[in-house]
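Please open the model in your viewer and follow the selections below in the order in which they are given.

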Amino acid sequence: MPILRLVAGRILLSVLTLLIVSLIVFAVLEVLPGDVASRILGRDATPEALELLRIKLGLNDPAPVRYLHWLGGLLSGDFGQSLVSSRPVTDILAPRIYNTVLLSLYAFLLYLPLTVIPALIQAIRRDRPVDHGLSIVTLVLLSMPDFLLATILLFTFVVLVPILPAISLVDHSSSALDYLRAMTLPALTLAIVMAVYAVRMLRDNLIEVLDSDYVRMAELKGLSAKRVLLRHALPNALVPTLNVTALNLAYLVGGVVVVEKVFSYPGFGSLLVDSLQLRDLPVIETTVMIAALVYVGANLIADIAAVLLNPRLRTA
Amino acid sequence: MKLARLMCGAAIGALAMAGLSSAALAAAGDECVKVLGYEWSGEKQSMDPADMHSGDDAYHTFAVYNRLVDIDDNFNVRPELATEWGVSDDGLTWTFKLRDGVKFHSGKDFSSADAVYTFKRLLDEKTGSGARAVLEFLDPDGIKAPDAHTVTFTTKKPVVELPVLISNKFTNIVPDGAKQEDLRLHGDGTGPFMQEEFTPNAPVRILRKNPNYWDAGKPKADCLKITVAQEAVAAVSAIKSGEVDLMLNVDPSVIPALKDDPSVVLLETAASNSMTISFWVDAKPFDDPKVREALKVVVDRQAMVDTVLLGFGEPGADNPVPVGNPASYVKEAPKQDYELAKKLLAEAGHKDGLKFDLYTAEGVPGMVRMAQVYAEMAKPAGIDINVIVTPAESFWDDVWLKQSAVTSAWSMRPPGEGLAVAYTQSAKWKETHWERPDYDAMLLKANTTVDAAERQKLFQQTGELLAKEGGLVLPMFVHQVLALRKGCEGYTPLAQNFNLNFEDLSCSK
Amino acid sequence: MAIEQVSAPKQTSFRYRVLWRQTPQSFRIGLIVLLVHLIVAITGPFWAPYGFSQMGTGIPLSGMSWTHPFGIDQLGRDVFSRVVHGSHIVILLSLSGTAIGLLAGAVLGLLSGYLGGWFDNLLQRLLEALISIPFLVLALIAIASAGPELSGNPILVVLVVALVYAPRIARIARAAAMDIATRDFVTVARLRGESAWSVMRRELLPNATGVLLVEFALRAGYAPVLVGSLGFLGFGLRPPTPEWGLMISENRALIIITPITVLGPGLALASLVVGLNLFTEGLARILGRTVRLGNQ
């Protein structure tokens with residue numbers, strides 16, 4: 001079946017891309033100067049201890065050998081051990097990925113109303129003061145760096161109007177509500193950043209759809225404005241926004257790095273920054289690979305969805 | 001579209017719930033005292049006392065373990081796992097009598113074998129502990145256990161302050177035979193709290209009260225919840241709102257936010273860490289003692305304390321002994337004198353001024369600020385300092401001992417150790433390349449003089465020599481500031497900031 | 001006779017004014033904002049009240065005042081002066097990083113799109129792979145791998161920005177090249193025996209200018225945020241450089257006591273990005289294209 005061939009082809013391409021990513025990652029990081037051994041043992045290390053560690057960790061093998069070894073490990077699910085604590089990378093990553101996935105889901109949940117509601121308001125009241133005002137707000141927020149937004153939100157909701165916790169003091173004895181409260185600020189920051197990006201597009205799409213003949217027909221048929229909007233305009237306008245959502249997911253993987261740091265959220269992004277500073281190579285490599293995997297995966301799904309939804313693309 | 005509306009509703013509901021529970025800020029079922037730290041070593045965290053890579057580990061190690069003896073701010077020795085100690089007539093053998101009836105959390109009885117094992121493994125290079133450098137005066141073969149409740153330390157030369165010197169951040173006692181891989185994740189000590197939840201890199205550590213602790217009635221708290229926040233704003237908000245009970249370090253820049261808060265009490269330590277600007281005395285232009293003196297006399301020490309530490313510190317006198325200590329050679333820190341500085345520079349042949357690079361990093365909080373303030377203070381004397389800021393995480397490995405002008409920091413040590421750790425010829429970290437046999441001899445004499453008054457005088461002389469001719473500018477000692485919520489009591493911060501004692505800490509809810 | 005001679009209005013200035021009025025409002029506002037930033041960047045060091053590392057300008061941690069519009073930081077430095085001194089840094093880093101990225105990306109992309117074949121396939125895979133790594137992550141590992149000696153070096157930051165942008169620009173250039181390559185004059189040039197390099201320079205590049213210009217403006221608009229993020233995380237320039245992202249990071253603890261020390265540089269950074277974004281949108285509209293602003 002041609003569709004299956006197309007899908008299989010896309011998957012194959014994605015795998016190839018990931019392979020090249022792994023090469024790039026390994027090359028960039030194995031060139032990392034600064035002796036890993038001395039970074040682990042600290043300033044009190046003796047040369048003998050350093051050499052022992054180097055041998056133990058196989059840092060003296062040639063690079064291609066190490067690459068293949070690593071790649072083999074990745075493919076078989078063995079991500080190695082942390083150079084710092086000797087714990088399996090899986091153990092280190094698992095809770096962090098879990099936390100970031102939760103955070104992302106929460107962010108997406110907040111992102112939907114933050115996008116849809118302003119866009120709807122802008123479309124309905126287009127070219128009126130509300131529309132202009134919201135456009136300005138969107139533009140400013142779009143131009144604001146996420147770390148600045150995060151800092152301002154932290155200040156507002158933790159210091160000025162203290163309704164949210166400052167740090168995530170959650171462990172397994174905390175309730176779901178505690179988790180939710182700890183995640184709200186970082187999720188809100190991410191949601192706002194993603195939303196402002198999508199609001200403008202959704203507004204433009206909504207206006208375009210509202211002006212289309214299809215909608216005019218519906219209005220002429222006597223359907224109420226609200227029904228026209230929600231039942232007809234919105235779904236049509238949302239489809240191109242799906243593409244934006246995939247891109248937002250890509251942003252998310254990088255955006256969590258800054259946001260998690262500001263809010264001290266124990267997720268994937270803060271793990272990356274920490275392990276970069278510790279030069280904990282296996283953790284860094286696996287983390288970056290996972291980030292790329294998520295990006296490639298999201299794009300793959302978006303591509304396939306687009307092909308499936310739009311027959312015209314099937315010949316591409 | 002119903003789905004979309006449902007999701008919108010769910011999102012709004014979630015936000016509302018999160019905001020509404022503001023009244024009940026304390027998490028449910030939380031009898032633990034919540035402690036907030038400030039140093040974070042991530043994956044490096046370890047329950048093995050030999051590992052102590054950063055201040056982060058002290059938060060749990062010092063609650064889970066005990067040492068043989070404890071030190072207070074004046075370096076007086078107090079009993080902990082050892083009850084009595086004394087030295088032989090020749091000064092070479094110290095004998096410690098150990099406490100009876102102490103058990104490790106695993107149930108094993110504490111005996112002298114554990115003490116011997118602990119010190120031997122610290123000295124063993126296979127353990128790779130930083131303790132090796134500071135415990136050099138110990139002879140591994142001289143550590144013996146004549147019986148189950150006695151341990152002896154025999155050294156090649158008399159070490160007058162041995163009880164003080166064997167009480168550092170590494171020497172918490174571990175069970176005999178315990179392996180590094182096990183200890184790292186599963187701490188087993190004799191201390192007031194037991195490990196309940198500990199994973200490296202996890203945001204929260206939970207320690208539970210030790211019901212069989214040898215000091216009856218302690219610890220007061222049922223459990224400790226330790227977490228770390230490196231964001232000053234988050235940390236301050238956490239203590240203000242009661243999310244945490246004890247904040248172990250308040251960054252000077254946010255102290256004003258807590259000063260007037262009625263729900264928080266600020267605690268201040270005595271002279272704690274020192275910060276220095278260190279020069280190689282064998283490198284130009286610092287090889288001329290007049291230049292070095294000029295570099296010291298440009299500093300307005302009190303102003304530096306006020307700017308960098310916001311007043312939470314005290315001026316230093318260019319040697320590791322705090323000015324208030326009986327071993328200090330002066331009662332007051334030197335004053336700034338630009339005329340003298342210019343004169344000295346002119347005499348040294350630099351009448352047009354001096355120019356050099358100073359390497360720094362935020363290795364400890366405030367270090368970069370200190371470098372910048374120093375550069376500003378040196379300007380009017382014609383000294384042009386180019387401050388080069390390097391990354392904090394690689395500073396100690398790649399820059400510190402490798403440049404002729406660096407900033408540095410040292411934790412509080414007893415005079416005998418502080419004057420030696422970087423300045424004797426055999427020092428492990430010869431920060432200033434200072435090599436003076438007369439200095440070493442003076443210090444050795446001080447460290448082997450039994451008479452306390454005489455010893456202080458010798459320390460003073462040694463300190464004076466270092467201050468006048470050495471290659472370090474030590475302008476200030478930090479006073480650590482901590483915050484404790486009203487309603488909590490029983491915490492006394494110590495100058496050696498790794499020495500955390502949570503035994504008396506308790507909070508009434 | 002005293003006849004007043006009314007000289008005819010100058011042809012050129014009239015034309016410019018008409019042109020100006022025809023440009024979209026966003027373009028005009030953006031351009032003005034950018035000009036303000038540029039003027040401050042160039043002239044700032046001359047009229048800033050204090051030096052960028054000058055201490056003792058007043059009581060530390062005091063708030064807004066007439067003499068210190070952005071307050072005073074913990075070291076007693078005037079934040080407004082620092083912002084002014086630092087404005088050229090952000091602009092230079094962003095523009096040069098994006099320019100180098102544009103150059104590399106455009107050349108590679110145009111060549112690839114035109115040549116096709118194995119070169120194109122290989123390059124496409126490589127570009128795809130580079131783009132698959134989230135740009136902040138790529139920037140961080142590139143900086144980490146450069147080592148501690150290079151850390152804080154502005155050239156490193158510029159190169160990293162270029163590294164992040166080049167693949168994305170290359171993609172756009174490639175698509176443009178493939179489109180242009182189908183046109184007759186390109187076929188003629190090829191039949192004439194022109195080398196690929198020459199074709200690129202003489203036929204492809206001029207025709208892709210519109211696309212590339214918009215791409216440049218688009219990427220340059222986000223570059224200050226990227227540079228600021230690196231500074232914020234501690235992977236960018238080092239203190240006491242008055243880079244805005246670094247300043248926001250350094251002062252963020254002070255937000256409780258003097259928020260203006262954070263909001264000042266924040267406002268500066270945001271306004272620059274707003275100006276760039278508006279300018280880009282306007283420019284795109286003039287050239288007849290649509291853009292998606294933000295963090296691609």
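Select Asp504(B) to begin: in this predicted model, its relative accessibility is 29%, and because buried means under 20% and exposed over 50%, Asp504(B) counts as partly exposed. Add Lys218(B), whose side chain meets that of Asp504(B) in a salt bridge, at 3.5 Å from N to O. Asp504(B) lies in the loop between strand 20 (488-489) and strand 21 (506-507) of chain B, whereas Lys218(B) belongs to the loop between strand 9 and strand 10 of chain B, so the pair ties together parts that are 286 residues apart in sequence. Lys218(B) is likewise partly exposed, with a relative accessible area of 23%. Widen the selection to Asp215(B), Lys220(B) and Glu503(B), which are linked with Lys218(B) and Asp504(B) in a network of salt bridges.

Next, go to helix 2 of chain B, residues 55-64, where nine of the ten residues are buried, so the helix is largely enclosed by the rest of the structure. Among the buried residues are Tyr59(B), His60(B) and Phe62(B). To see what surrounds the helix, display strand 1 (33-37), strand 8 (193-197), strand 9 (204-209) and strand 10 (223-228) of chain B, against which its buried residues pack.

Now select Arg67(B) and Asp70(B), which form a salt bridge with their closest N and O atoms 3.1 Å apart; both of these residues are buried.

For a last stop, select Lys379(B) and Glu376(B), whose side chains meet in a salt bridge at 3.0 Å from N to O; here Lys379(B) is partly exposed, at 46% relative accessibility. Over all chains, a search of the whole structure finds 39 salt bridges.

Key. Residues are numbered from 1 along each chain as its sequence is written. Chains are lettered from A and ligands numbered from 1 in the order in which they are written. This is a predicted model: local features need pLDDT of at least 70, side-chain atom pairs count only at pLDDT 80 or more; totals for chains, interfaces and linings use all residues. Side-chain values use heavy atoms; hydrogens and water are left out. Buried means under 20% relative accessible area, exposed over 50%, partly exposed in between (1.4 Å probe, protein chains only). Helices (H or I, at least four residues) and strands (E, at least two) are DSSP runs, numbered from the N terminus. Contact means heavy atoms within 4.5 Å. A salt bridge is a side-chain nitrogen of Lys or Arg within 4 Å of a carboxyl oxygen of Asp or Glu.
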